[in-house]
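Please have the structure open while you read this note, which takes a few neighbouring elements in turn. Each point can be checked against the view in front of you.

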Amino acid sequence: MTDSSALDPEDRKIVTLARSARARNGVPEGAAVRDETGRTYVAATVALDSLKLTALQTAVAMAVASGATSLEAAAVVTEAETASDADRAAVRDLGGAQTPVLVAGPDGTVRTTIAAG
């Protein structure tokens, strides 16, 4: 477990944004990513009959659609213990293997930080 007070303020911000998206939309996951310019993209789980995306996949897609060329960091708020392989792959595709992925519980406490690679 990572002490949230020890987090960089910008990382704490994306965890807070991800937690807010999850709570606001009443979905299993919320996520946020920060691009190479410091812009943030916030998303929730997409669960349509014809389209299923995790919150982190959706946040990465939003960043790409907005012209981001890289990621500095990603955060997901979830009940799961870690980020899925599909989530890490999406972050890796845009940010590279060393992009940190912060995984937090519903209360916003960061459980772990893993590399996308």
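**Notes on a strand, its partners and a helix**

1. In this predicted model, the bridge partner of valine 101 is isoleucine 114 in β7. This pair belongs to a wider pairing, since five bridges join β6 to strand β7, residues 110-115, and the two strands run antiparallel.

2. Between β6 and β7 the hairpin has five residues, and within that hairpin glycine 108 takes a positive phi near 90°.

3. Strand β6 also pairs with β5, residues 71-77, through four bridges, and here the two strands run parallel. One place to look is valine 77, which stands opposite alanine 104 in β6. As for its surroundings, β6 (residues 100-104) is mostly covered, with four of its five residues buried.

4. Together with helix α3, which spans residues 85-95, the strands β5 and β6 form a β-α-β unit that is right-handed. Just after α3, glycine 96 takes a positive phi of about 100°.

5. Which residues of α3 are buried? They are Asp87, Ala90, Val91 and Leu94. Seen down the axis of α3, these buried residues fall within an arc of 95°, so they line one face of the helix. As background, an α-helix has 3.6 residues a turn, and therefore residues three or four places apart point the same way.

6. On the other side of α3, by contrast, Asp85 and Asp93 are exposed. The buried residues of α3 are covered by elements that include β5 and β6, as well as α2, residues 55-65.

Methods: Residues are numbered from 1 along each chain as its sequence is written. This is a predicted model: local features need pLDDT of at least 70, side-chain atom pairs count only at pLDDT 80 or more; totals for chains, interfaces and linings use all residues. Side-chain values use heavy atoms; hydrogens and water are left out. Buried means under 20% relative accessible area, exposed over 50%, partly exposed in between (1.4 Å probe, protein chains only). Two strands pair if DSSP finds at least two bridges between them. A crossover is right-handed if, with the strands pointing away from the viewer, the path from the first strand over the helix to the second runs clockwise. The arc is that of the directions from the helix axis to the C-beta atoms. Contact means heavy atoms within 4.5 Å.
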